[in-house]
Amino acid sequence: MSNFPITRTSSPKAKPADETLSFGKVLTDHMFLMNYDEGQGWHSPRIEPYGPLSLDPATSVLHYGQAIFDGLKAFRGEDGQIRLFRADRHAERFNRSARIMCMPEVPVDIIRQSFDALVGVDADWVPRKAGTSLYLRPTIIATDVMLGVHPAHSYLYFLILSPVGSYYKEGVKPVRILASDSHVRAVRGGTGEAKTAANYAQSLSGQQDAAAAGYTQVLYLDGVHRQYLDEVGTMNIMVRIGDEVITPPLAGTILDGVTRASTLQLMRDWGLKVSERPITIDEVMAAGRDGTLKEMWGTGTAAVVSPVGTLGYKGEDVLINGGVTGELTQKLYDSIVGIQYGRTNDAHGWTSVVPVG
C-alpha cells in the first residue's frame with residue numbers, strides 16, 4: 001500500500017448485511033482525494049473519512065459540466081483475497097475521458113495506487129456473499145471558482161466506494177428493451193465515448209419513456225440516420241445472428257466498455273465469429289422475425305452481462321430465444337464472474353490482488 005496520509009474515521013458506519021445490498025446506495029467509511037492546480041500538477045493525495053465536499057456556488061463543474069468518472073469492482077474470492085478486475089484498463093479509459101473533456105490526466109500508477117490504498121483501508125466493506133462486490137467510483141470535477149466558459153485550471157480527483165449487490169433486482173434474467181428513433185444518445189465528434197456526467201443526464205428522458213412503455217432499458221440508435229445500433233442504456237450491445245456475433249464498432253459515439261472488450265476476447269478465444277461493424281435495427285428486427293436472431297445481450301461493469309428477452313421497435317416486439325437466457329450469454333457471464341472471483345483460470349491476467357494490511 002502506498003504511503004498516502006490516512007485520517008481514519010472516528011465514527012465507523014454499521015455495515016449492511018450482504019443480502020440487503022442493492023446498487024450504489026451505501027457508501028464506505030473513507031474516500032481518497034487529490035488536487036490539481038495548473039503549474040503544480042496533481043498534489044496532496046490523501047485518504048479521509050467519507051463526507052460532503054464543500055463547493056462555492058460559482059464552482060465551474062456546477063455550470064459547465066467538466067466532470068468525468070469511471071466504475072470498476074473489487075471482488076472477495078473464496079480464498080479470502082480481494083481482486084480488482086482490469087484496473088489498468090479502467091485507469092486508461094478514465095484518462096481517455098479526461099482528454100476528451102479537456103481535463104488533466106492522472107498518471108495510471110497514481111490511479112492504481114489510489115484504488116489499492118482505499119480498498120485496503122476499507123477492506124472490511126468488501127462483501128462476501130456470491131454476486132456481491134465493492135464498486136469503485138473514481139471521479140474528477142473542475143473546481144475553478146469563476147463564471148466563464150473555458151477549461152478549468154484546478155480540479156479535484158476523488159474516489160469513493162460502495163458495497164453492491166446485483167445491478168438488476170430481478171438478477172440475471174432477460175430484460176425488455178425498446179429501440180428508440182426519437183431519443184439520441186450521442187453523435188460522432190461529441191462526448192459519446194467519454195464517461196462524462198452530461199452523457200448520463202441526457203439519457204434520463206429516453207430511459208423514462210422506455211420504462212413508461214413497459215421496458216427495462218432503451219436501445220439508442222445513431223444520431224444521424226436513426227438506424228444503426230448504438231448503446232443500450234448504460235451498456236454496450238451485442239447480438240448473435242446465425243453463427244455471427246455482432247457489436248457496433250468504436251467510432252466515437254459509444255463507450256469503449258471494459259466488459260465489452262473482455263467478452264470479445266473470450267469469444268475470439270473460443271473460436272467464434274465476432275464482428276465489430278455497424279448493424280441496423282431493421283436487420284436485427286428482420287432476424288428476430290425469421291428466427292435467426294439467436295441471442296442479444298448488453299455488457300457493462302455494473303450488470304456484467306444482461307440478456308435481452310424482448311426487443312421492441314415501432315410498436316412491434318420480437319421475442320429472442322423464447323424469452324430465456326441464451327447459452328452463449330450465460331457462458332460469457334459465468335466465465336467473467338468466475339475470473340473476477342478467482343474461481344477460474346485468469347488466462348489474460350485481468351485481475352490483480354489488493355494488498356491488505
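How far apart are the mean positions of the positive and negative charges of the protein chain? For the 34 positive and 39 negative charges, the two mean positions are 3 Å apart. In this count Lys and Arg are positive and Asp and Glu are negative, while His and the chain ends are not counted; each charge is placed at NZ of Lys, CZ of Arg, CG of Asp or CD of Glu. The structure is a predicted model, in which local features need pLDDT of at least 70 and side-chain atom pairs count only at pLDDT 80 or more, whereas totals for chains, interfaces and linings use all residues. Residues are numbered from 1 along each chain as its sequence is written, and side-chain values use heavy atoms, with hydrogens and water left out.

The protein chain has eight helices and 17 strands; these are DSSP runs, helices being H or I of at least four residues and strands E of at least two, numbered from the N terminus. Its radius of gyration is 21 Å, close to the 21 Å that the globule rule gives for 357 residues, so the chain is as compact as a globular protein of that length. The radius is taken over C-alpha atoms, and the rule is 2.2 Å times the number of residues to the power 0.38. Along its principal axes, the C-alpha trace spans about 60 × 50 × 35 Å.

Of the 357 residues, 53% are buried. Buried means under 20% relative accessible area, exposed means over 50%, and partly exposed lies in between (1.4 Å probe, protein chains only). The accessible surface comes to about 15,300 Å², and carbon and sulfur atoms supply 51% of it; areas come from the Shrake-Rupley method with a 1.4 Å probe, and for residues only the protein chains shown count as cover. Among contacts (heavy atoms within 4.5 Å) with a separation of 6 or more, 71% join residues 24 or more positions apart.

Three helices can be followed in some detail. The 14 residues of α2 (87–100) should span 20 Å at 1.5 Å a residue, and the end C-alpha atoms are indeed 20 Å apart; the expected span is 1.5 Å times one less than the number of residues. The buried residues of α2 are Ala87, His90, Ala91, Arg93, Phe94, Asn95, Ser97 and Ala98. An α-helix has 3.6 residues a turn, so residues three or four places apart point the same way. Just after α2, cysteine 102 takes a positive phi of about 55°.

Helix α3 (residues 108–121) also has 14 residues, and its end C-alpha atoms are 20 Å apart, in agreement with the expected 20 Å. Ten of these residues are buried, so α3 is largely enclosed by the rest of the structure. Among them are the charged-type side chains Arg112 and Asp116, together with Phe115 and Leu118. Helix α6 (residues 258–269) reaches 17 Å from its first C-alpha to its last over twelve residues, close to the expected 16 Å. Nine of the twelve are buried, so α6 is likewise largely enclosed by the rest of the structure; Arg260, Ser262, Leu264 and Leu266 are among the nine. Glycine 271, just after α6, has a positive phi of about 80°.

Tryptophan 350 brings several of these elements into one picture. It lies in the loop between α8 (327–340) and β17 (351–353) and is buried, with a relative accessible area of 9%. Leaving aside neighbours within four places in sequence, tryptophan 350 contacts Leu84, Phe85, Arg86, Ser262, Gln265, Leu266 and Ile339. Of these partners, arginine 86 sits in the loop between β5 and α2. Arginine 86 is buried at 14% relative accessibility, and its phi is positive, about 55°, although it is not a glycine.

Other loop residues give a contrasting view. Lysine 314, in the loop between β15 (304–313) and β16 (316–319), is exposed at 64% relative accessible area, and its phi is near 50°, a positive value in a residue other than glycine. Glutamate 78 lies in the loop between β4 (72–76) and β5 (82–85) and is exposed, with a relative accessible area of 75%. Glutamate 78 nevertheless touches Tyr341 and Arg343, not counting residues up to four places away in sequence. Glycine 190, found in the loop between β8 (175–184) and α4 (197–202), is partly exposed at 33%.
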